Amino acid sequence: MRAVQISQLDGPSAARVVDLDEPADNGASDVVVVEVHAAGVAFPDVLQSRGLYQHKPPLPFVPGGEAAGVVRSAPPGAHVQAGDRVAALTMLNGAMAQVIALPAEQVFKLPDTVSFEAGAGLLFNDLTVLFALTTRAGLTEGQTLLVHGAAGGIGTSTLRLAGPLGASRVIAVVSTAAKAETALAAGATDTVLADGFREAVSGLTGGRGVDLVLDPVGGDRFTDSLRSLAPGGKLLVVGFTGGEIPTVKVNRLLLNNIDVVGVGWGAWVMSHPGELQRQWSTLETLLASGKVPAPQPDVFGLEQAADALAALENRTAAGKVVLRMRD
C-alpha cells in the first residue's frame with residue numbers, strides 16, 4: 001500500500017509517500033480493516049513533523065488521526081461490516097495510509113450524503129466542537145458566540161454547528177477579507193478582522209459582549225477575548241495555533257463572573273468509555289437530517305502530502321485539509 005511517512009523531524013517537507021506492508025487484523029476479535037479513500041490533516045500532524053507535539057511517535061511514523069473509506073473486514077457482530085462506508089479515528093497516528101486496522105469502537109458509519117473527503121474532515125473538528133459547545137459550554141438557545149481562527153478547520157466546524165445547536169449569532173474573527181468570505185459561507189452571521197476585534201464585537205453587540213468565545217488560537221488576543229465576554233460568559237480554550245500559551249489574570253474572571261473553560265476532547269473521550277459513539281450518534285443525526293451541512297474541505301492529492309501539511313503551518317489553507325488517498 002501507499003502511505004505518507006515522516007522519517008526525520010524537518011517539518012512538513014519531511015513527508016514522503018512510500019510503499020509499506022498492509023496491516024492485518026491478526027485474528028483480533030474487535031479489529032476493523034478499512035480501505036482508506038481520504039485522510040484528514042490536522043495541526044497536531046504539523047507539530048509532530050517537527051517533534052513539537054506532546055505525543056512523539058518513534059521515527060519513522062505515518063501521520064494522521066482520521067480517515068474515511070470502505071470496510072474490508074470486521075469481526076462478527078460488529079456495528080459495521082464489509083462494504084460499509086465509514087469514517088474512522090486512529091486518534092494519533094497511522095491514518096495517512098491506504099489500509100488501516102483499528103478497534104471497532106473507533107469506526108463510524110458514514111451517511112450516504114457525506115463524501116469520503118468530507119468524512120475524513122469530520123471527526124476531530126466536529127466532535128471537538130460538539131463537545132466544546134454542549135458538554136463544556138452548555139450552549140443554550142439564543143446565545144451569541146465569537147469564533148477565533150474562523151476560516152480554519154476548527155473554526156469552520158464551529159460555524160457549521162453553532163447555529164443548529166442553538167446559537168442565534170455567530171461572529172467570526174478572521175485575518176483577511178478572503179477568509180471572511182470562507183467564514184460567511186460556512187455559517188457565520190458576522191465577520192470581524194482580528195486586528196481590533198474587541199472594538200468591533202462591542203459595536204456589533206451594543207456593548208454587551210458575547211456569551212461564548214471559542215478560541216483555538218491563543219496568543220496575544222486572549223485578554224481581549226475575555227474583555228469581549230458578556231457578564232457570565234465563557235471562553236473555551238481549544239488550542240494554541242498562534243504558538244503562545246496565554247496566561248489569565250484571575251481578577252478578570254471575578255469582575256464579570258466569567259469562566260475560562262478547557263476543552264480537551266481527546267483526554268475526555270479516552271477516559272469516558274462509549275463517549276465516542278455517543279458523540280458520533282449526535283453528529284450523524286445532524287448530518288443525516290441536513291441540519292448540519294457536511295464540510296467542504298481543501299483536498300490535496302496523496303503525492304501533495306507535504307504541501308497539505310505546509311498549508312496548515314503557513315495558514316494558507318481554507319477550512320479543513322484532507323488528502324485523497326486513492327485515485
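This report walks through the cores, aromatic pairs, main pocket and a few single residues of the structure above. Keep in mind that the model is predicted.

**Cores**

Let's start with the packing. The largest nonpolar core counts 53 residues, and Leu89, Leu159 and Trp265 have the most contacts inside it. Helix H3, residues 123–136, brings the largest share of this core, with eight residues. There is also a second, separate core of 37 residues, and Val32, Leu102, Ala311 and Val321 are among its members.

Leu89 is a handy place to look around. Leaving out residues up to four places away in sequence, Leu89 touches Gly65, Glu66, Leu102, Gln106, Phe108, Leu123, Phe124, Leu127, Trp265 and Leu276.

**Rings**

On to the aromatics. A pair of rings is described by how far apart the centres are and by the angle of the planes. The count of aromatic pairs here comes to three, and two of them are worth tabulating.

| Pair | Centre to centre | Angle between planes | Geometry |
|---|---|---|---|
| Phe124 and Trp265 | 5.8 Å | 80 degrees | edge-to-face |
| Phe131 and Trp268 | 5.3 Å | 40 degrees | tilted |

The pair of Phe124 and Trp265 links distant parts of the chain: Phe124 sits in helix H3 and Trp265 in helix H9 (residues 265–271), 141 residues apart. Phe124 and Trp265 are both buried.

Phe131 and Trp268 also form a link between distant parts of the chain, with Phe131 in helix H3 and Trp268 in helix H9, 137 residues apart. Is each partner buried or partly exposed? Phe131 has a relative accessibility of 1%, so Phe131 counts as buried. Trp268 is partly exposed because its relative accessible area is 28%.

One more ring has a charged residue for company: Arg85 lies over the face of Phe116, 4.7 Å from the ring centre.

**Helix H11**

Helix H11 covers residues 305–313, and its buried residues include Ala305, Ala308, Leu309, Ala310, Ala311 and Leu312. What covers them? The cover includes strands E1 (2–6), E2 (15–19), E3 (31–41), E14 (298–301) and E15 (321–324), along with helix H1 (43–49). Just after H11 comes Arg315, which takes a positive phi of about 60 degrees.

**The largest pocket**

Rolling a probe the size of a water molecule over the atoms shows where empty space is left. The largest pocket found here has a volume of about 1600 Å³. It is lined by 49 residues, and Phe43, Pro44, Pro216, Gly239 and Thr241 are the closest to its centre. H1 gives the largest share of that lining, five residues. The elements that each supply at least two lining residues include H3, H4, H9 and strand E9 (169–174).

**Two single residues**

Thr156 lies in helix H4, which spans residues 153–162. With a relative accessible area of 11%, Thr156 is buried, because the cut-off for that is under 20%. Apart from neighbours within four places in sequence, Thr156 is in contact with Ala150, Ala151, Thr182, Ala186, Gly319 and Lys320.

Where does Ala188 sit? Ala188 is in the loop between helix H5 (177–186) and strand E10 (190–193). Ala188 is buried too, with a relative accessible area of 10%. Not counting residues up to four places away in sequence, Ala188 touches Leu159, Val170, Ala172 and Ala183. The C-alpha atoms of Ala188 and Ala162 are separated by 9.1 Å, while along the chain these two are 26 residues apart.

Methods. Residues numbered from 1 in each chain as written. Predicted model: local features only at pLDDT ≥ 70, side-chain atom pairs only at ≥ 80, totals over all residues. Heavy atoms only, no water. Helix = DSSP H or I, 4+ residues; strand = E, 2+ residues; numbered from the N terminus. Buried < 20%, exposed > 50% of the residue type's maximum accessible area, 1.4 Å probe, protein only. Contact = heavy atoms within 4.5 Å. Core = buried A, V, L, I, M, F, W, Y, C linked by side-chain atoms within 4.5 Å. Phe/Tyr/Trp six-rings, centres within 6.5 Å; stacked < 30°, edge-to-face > 60°. Lys NZ or Arg CZ within 6 Å of the ring centre and 35° of its normal. 1 Å grid on protein atoms, 1.4 Å probe; cavity = no way out; pocket = protein on both sides within 12 Å on 5 of 7 lines; lining within 4 Å. Points joined across faces, edges and corners; volume = space filled by probe spheres on them.
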